[in-house]
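Work through the following exercises with the sequence and the structure at hand. Each task is followed by a solution in steps.

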Amino acid sequence: MSSPPVIAGREARGPHQTDGLPKLMLGALGVVYGDIGTSPLYALRETFIGHHPLPVDAPHLFGILSLVFWTMMLVVTFKYVTLMLRADNRGEGGSIALQALLQRHAHGKPWAGLVVVIGILATSLFFGESIITPAISVLSAVEGLTVVEARLAPLVLPLAVAILILLFILQARGTARVGALFGPITLVYFATIGVLGALSIAANPSILWALSPHHAVQFFRTDGLLAFLALSSVVLAVTGAEALYADMGHFGRRPIRFSWMLIVLPALMLNYLGQGALLLVSPQAIENPFFMLAPEDLRLALVILATLATVIASQAVISGAFSVTRQAVQLGYLPRLRILHTSERAEGQIYIPVVNWSLLVLVILLAIGFGSSSNLAAAYGISVTGTMLAGTIMLSILIIEVWKWKLWQAIPVITLLAIVDMAYFSANLTKIPDGGWFPLLIGILAFTMLTTWARGRYLMQQRLKEAAMPIEIFIKSAARTATRVPGTAVFMTSAASGVPPALLHNLKHNKVLHERIILLTVVIDEVPFVDREDRIEVIDLGSNFFRMVLRYGFMQQPDVPAALKLVETCGPQIKMMDTSFFLARQTLLPSERPEMALWREKLFAWMLRNAESAMEFFNLPTNRVVELGSQVEI
């Protein structure tokens, strides 16, 4: 069984990689494990009193807890911690990083198209999940107030909505100042829920027999349909597991693995088993077993601690949505968006206004529309299990095609993971009438936008390429006839061949050419980072014309002026005050040979009109930019 290739030095790309292992583990607790760590607030409760209720008795408690434990072992420990963390794209993880990794090996392979579709699908489902997670997490924590005092029930929803609004408003300020507290708060939270669970287990240690897999098997043998339906709630215990892989670039493999094995897994299982031990003697505690574990005098403190933990979990999901959106923009699946950096030190700390406010509106509508964490639990799970299934499909291709495992080794592993993921996904499909339609709707909308932009952009580039004049012919003609004026002109173009439309229009209307002409293309490679020494490629075309390619990774923000200062191979140093940047803004026209449905053409045109200006996206100086319009048919 061969290991995935290791690229020296690539794992140390995250902003915190120079820190020691304990500090990285502490940071991972706050960012990576917030979502899965807050699952005990509602997972066990929903399994018994959710939309497919079960009797709160010993056989069902043992069966469910056995399923929870072995789901954590198979899905989190085996799939994500053991396998997925090895599937890094030069240190980065996540669906888009895995898709890009596979695409580098997909040229001419029959599965190349499948990888693109599955990767986009996983990204689309993630957006559905990122809307539900903040709503259900914060609501479930604030609902603990009703355990402290039943008369506080009318305040739960308004207070949860207020916390969510404040959370999204604060995004523009960044998390640099308060982010240092996330790890310690989450560590205290895990220690607390672990101790509470251990105390409950000590009072009824027979619950430890639930760790045996035969209880899960017996559950399916005696209550087949109920056991299958229960999977749709059991999976709530592992929501957020994909964050272990997605956040690998920030912390590295070892801190994430050690945090899971030494802190998170023990704390979670102690708490779930503790809830089970409580329910064995007090079945009525099923209304909120998480908070009922605590002594009455400490429940308010536990509500406050759990609320802080869910806010941190929600922050991690929101930051993940920003990161995934930026990767989608860089790889050409979304139009340019306004991306603001909230930290001068950490490149990964970004803020995308349109994503933030869209999430806020949808999260608030979701919280108000569903009203409680129990109702939201019916909508939760489809996007999570869909993302997990998509990850398994891409991992299977990676194991066979890239890692080159022998079939007798690969097939049992792939079969096991596929059976588990398919079981959970199919069980969650039963939630569609009760709210599961919502994340599916969000996923479909996101998938439509991602694929429409990618297809429209491809068609537009093909049309521009077809109409482009060969650069050699243009240079021979223009060099003889056009008047040259002092300075440097940089013509931004997405095509690495032919004459940019902006150059033709400039010559047509202004009748002059600058002394030095640079045809500049920014290329986003299918790797997270491109080193500075590999960034710039310059080709001398003659007559003081140069074609330049700037390469960036999909985790990097292009900065054209900064890159141009490094250029030493096309004459004198490029000075911004002597340089003009020419951009082409395309307008779409109806085509006699449409290659997209009319509604998709209109959607693409709308996305194109509302895209962020290339001037701001590439950090061009505002007083040195000239925009020239052009028309194109797709």
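Helices here are DSSP runs of H or I with at least four residues, numbered from the N terminus. The model is predicted.

**Exercise 1. Place Val384 in the fold and find what surrounds it.**

Step 1. Under the numbering just given, Val384 belongs to helix α19.

Step 2. Next comes its accessibility. The cut-off for a buried residue is under 20% relative accessible area. Val384 has a relative accessible area of 0%, so it is buried.

Step 3. List the contacts, leaving out residues up to four places away in sequence: Val384 touches Glu129, Thr239 and Glu242.

Step 4. Compare sequence and space. Val384 and Val235 are 149 residues apart along the chain, yet 8.6 Å separates their C-alpha atoms.

**Exercise 2. Describe the setting of Ser130, then the helix pair α6 and α17.**

Step 1. Ser130 is part of helix α6, which covers residues 112-142.

Step 2. The relative accessibility of Ser130 is 1%, so this residue counts as buried.

Step 3. Its side chain has a polar partner: the backbone oxygen of Phe127, reached at 2.8 Å.

Step 4. Beyond four places in sequence, Ser130 touches Val317, Ala321 and Leu359. Leu359 is one of the α17 residues that α6 meets.

Step 5. Now take the two helices as wholes. The axes of α6 and α17 (residues 353-370) come within 9 Å and cross at roughly 50°. That angle makes α6 oblique to α17. The crossing is right-handed.

Step 6. Name the residues at the crossing. From α6 these are Ser130, Ile131, Ile132, Pro134, Ala135 and Leu139; from α17 they are Leu359, Leu362, Val363, Leu366 and Ala367.

**Exercise 3. Decide whether helix α5 is enclosed or open, and name the helices its buried residues pack against.**

Step 1. Of the 10 residues of α5, eight are buried, so α5 is largely enclosed by the rest of the structure.

Step 2. The buried residues are Ile96, Ala97, Leu98, Gln99, Ala100, Leu101, Leu102 and Gln103.

Step 3. Their packing partners are α6, α12 (243-246), α16 (299-330) and α19 (382-402). Two of these names have come up already: α6 holds Ser130, and α19 holds Val384.

**Exercise 4. Analyse the salt bridge between Asp88 and Arg253.**

Step 1. The whole structure contains 12 salt bridges. In one of them the side chains of Asp88 and Arg253 meet, with an N to O distance of 2.5 Å.

Step 2. Locate both ends. Asp88 sits in the loop between α4 (58-83) and α5 (95-104), while Arg253 is in helix α14 (residues 253-281), so the pair ties together parts 165 residues apart in sequence.

Step 3. Asp88 and Arg253 are both buried.

**Exercise 5. Contrast the salt bridge of Arg463 and Glu466 with that of Arg551 and Glu537.**

Step 1. Arg463 and Glu466 join side chains in a salt bridge at 3.5 Å, N to O.

Step 2. These two residues are three apart in helix α21 (residues 437-467), so about one helical turn separates them. In general, an α-helix has 3.6 residues a turn, so residues three or four places apart point the same way.

Step 3. With 8% relative accessibility, Arg463 counts as buried. A network of salt bridges links Arg455, Arg463, Glu466 and Glu595.

Step 4. In the second pair, the closest N and O atoms of Arg551 and Glu537 are 3.8 Å apart. Arg551 lies in strand β6 (residues 545-552) and Glu537 in strand β5 (residues 536-542), so this bridge ties together parts 14 residues apart in sequence.

Step 5. Arg551 has a relative accessible area of 27% and is partly exposed. Glu537 is also partly exposed, at 35%.

**Exercise 6. Determine where Gln171 and Gln409 lie and whether each is buried or exposed.**

Step 1. Gln171 is in the loop between α8 (153-169) and α9 (176-203). Its relative accessibility is 5%, so Gln171 counts as buried.

Step 2. Leaving out residues up to four places away in sequence, Gln171 touches Gln315, Ile318, Phe322, Thr342, Tyr351 and Asn356.

Step 3. Gln409 is in helix α20 (residues 407-428). Its relative accessible area is 12%, so Gln409 is buried.

Step 4. Gln409 and Ile399 are 10 residues apart in sequence, and their C-alpha atoms are 9.7 Å apart in space.

Key:
Residues numbered from 1 in each chain as written. Predicted model: local features only at pLDDT ≥ 70, side-chain atom pairs only at ≥ 80, totals over all residues. Heavy atoms only, no water. Buried < 20%, exposed > 50% of the residue type's maximum accessible area, 1.4 Å probe, protein only. Polar contact = N/O pair within 3.5 Å; in protein donor to acceptor, adjacent residues only side chain to side chain. Contact = heavy atoms within 4.5 Å. Salt bridge = Lys/Arg side-chain N within 4 Å of Asp/Glu carboxyl O. Axes fitted to C-alpha atoms, helices over the stretch in contact; angles between N-to-C directions. Parallel < 35°, antiparallel > 145°, perpendicular 65-115°, else oblique. Left-handed = near helix turned anticlockwise from the far one by under 90°.
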